[in-house]
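Me: I have a new structure to go through and would like to learn how to read its features. Take me through it step by step, please.

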Amino acid sequence: MRSLVLAALLLACFPFLALRAQAPAPATPPAPAGAAAAPVEAPGTGKKKLIAITRDLEPYSFEQDGRRKGYAWELWNEVSRELGYEYEVKVTDSAKNMVKALQEGQADVAIGALSINAERESVIDFSQPFYESGLQIVVVAGASSFNDMMWSTLGTILNLQFVGALALLIFAMLLISHLVWMFEHKVNEAMWPANYLEGMWESFWWTISTLLVGGADNKGPIGVGGRIVAIAWMLLSIVLLSLLTASFTTTLTLNSLKGEISGPGDLPGKRVATIAGSSSETYLKKGERNITVEPYKTVAECLAALKKGTVKAVVFDSPILKYEVAKAHDTSLTIVGNLFERNNYGFGLQQDSKERENINRVLLKLTESGFTDELQKKWFGEDK
């Protein structure tokens, strides 16, 4: 009897239990406005699938024999392997478009030689830096004309320090000339006339001749006072002539070696090539630098323009310039000056990306394990 009652109750409640089971689940609240889109999960794998955007720029990311390779790309492959990411690759033609894709949510990560700067940081996020770089200059060795070298030499010589030294030398010569005339015109009027202007002219001629060639033919002091002054001037002339010769020789040698451009200070007034949309283009156009900037798509195009004489120099990231110059096997291409406008490369991410901490953690791990050192040796040799 009790079993029959329980069965009847279950039958009575069954329609209500069925209706509750078919009721829709509560709706998931929408993501807050402005939040970064989370990467989707690859179907059937349980792994996150990201859209990775890059550009062809050796030796950081480029395609060869149907495979993508490079320093930044191999580093990203190791990071994604550690984190279990799968990704789809998109290729664009500039750093500017890489940033734009992240900003508009068309990509999750940007991979390559992407410089970290304030302008980009305001619209996207970056991982921690994985490579320290800076700008350098490439010129054609010996490309300066004779006129360029002469103007450069004159500009180096005719500075305030040189003009001051020259004025001091002339004053010393006038003083010596006056002393010699003062002592000699009383005992040797035939060579040093008593008239001051005529006597000073003869005396100044003797002073210059002594400085340059060690004396004047058929002319010399005969009095005691004049000879004492002459001895002092001869000894001083040896020192002064040695210093002047060394100074001129060094200046001419340096100018012949360094050419027209030897650092960023020589760029104003010149036509300079760089990569369109790069941080180096921003640097060259910043302020009142008076530099005519010629943007190109690739470093190879920049170097070709340099060899044709279209531009005077190429300015871009140092490691890429060194790589491309070595690859060109052209001994006329020379990297001049030290690093300037130092910067760092990092992976670009969407603003407020949830993957940033994970990627940073793995980058630190790879640095501590020595993986990045080995990767650097592979692509850049022992020294950066």
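Reply: Start with the vocabulary: helices (H or I, at least four residues) and strands (E, at least two) are DSSP runs, numbered from the N terminus. This is a predicted model, with residues numbered from 1 along each chain as its sequence is written, and local features need pLDDT of at least 70, while side-chain atom pairs count only at pLDDT 80 or more. Totals for chains, interfaces and linings use all residues, and side-chain values use heavy atoms, with hydrogens and water left out.

Me: Which peptide bond is cis, with omega near 0°?

Reply: That's the one from Glu58 to Pro59. Pro59 sits in the loop between strand S2 (48-55) and strand S3 (62-64).

Me: Which residue in the loop between S3 and strand S4 (67-69) should I check for phi?

Reply: Asp65 lies there, and its phi is near 55°, a positive value in a residue other than glycine. Asp65 counts as exposed because its relative accessibility is 73%; the cut-offs are under 20% relative accessible area for buried, over 50% for exposed and in between for partly exposed (1.4 Å probe, protein chains only). Glu341 also has a positive phi, about 50°, although it isn't a glycine. Glu341 belongs to strand S12 (residues 333-345) and, at 38% relative accessibility, is partly exposed.

Me: What about Glu86: where is it found?

Reply: Glu86 is in strand S5 (residues 86-92) and is partly exposed, at 28% relative accessible area. Its C-alpha atom is 6.2 Å from that of Leu50, although the two residues are 36 apart along the chain.

Me: How do I read helix packing?

Reply: Two packed helices are described by the angle between their axes and the distance between the axes. Here, helix H2 (residues 71-83) packs against helix H12 (residues 356-369) at about 115°, with the axes 10 Å apart. So H2 is roughly perpendicular to H12, a label for angles of 65 to 115 degrees. Axes are lines fitted to C-alpha atoms over the stretch in contact, with angles from 0 to 180 degrees between N-to-C directions.

Me: How many cavities of 30 Å³ or more does a search of the whole structure find?

Reply: Rolling a probe the size of a water molecule over the atoms shows where empty space is left. Here there are two such cavities, each a set of points on a 1 Å grid where a 1.4 Å probe fits but cannot get out. The second largest has a volume of about 50 Å³, meaning the space filled by probe spheres set on the points. Its lining (residues with an atom within 4 Å of a point) includes Arg55, Arg120, Phe316 and Asp317.

Definitions and conventions: On a 1 Å grid over the protein atoms alone, a cavity is a set of points where a 1.4 Å probe fits but cannot get out, and a pocket is an open set with protein on both sides within 12 Å along at least five of seven lines; lining residues have an atom within 4 Å of a point. Angles under 35 degrees count as roughly parallel, over 145 as roughly antiparallel, 65 to 115 as roughly perpendicular and the rest as oblique.
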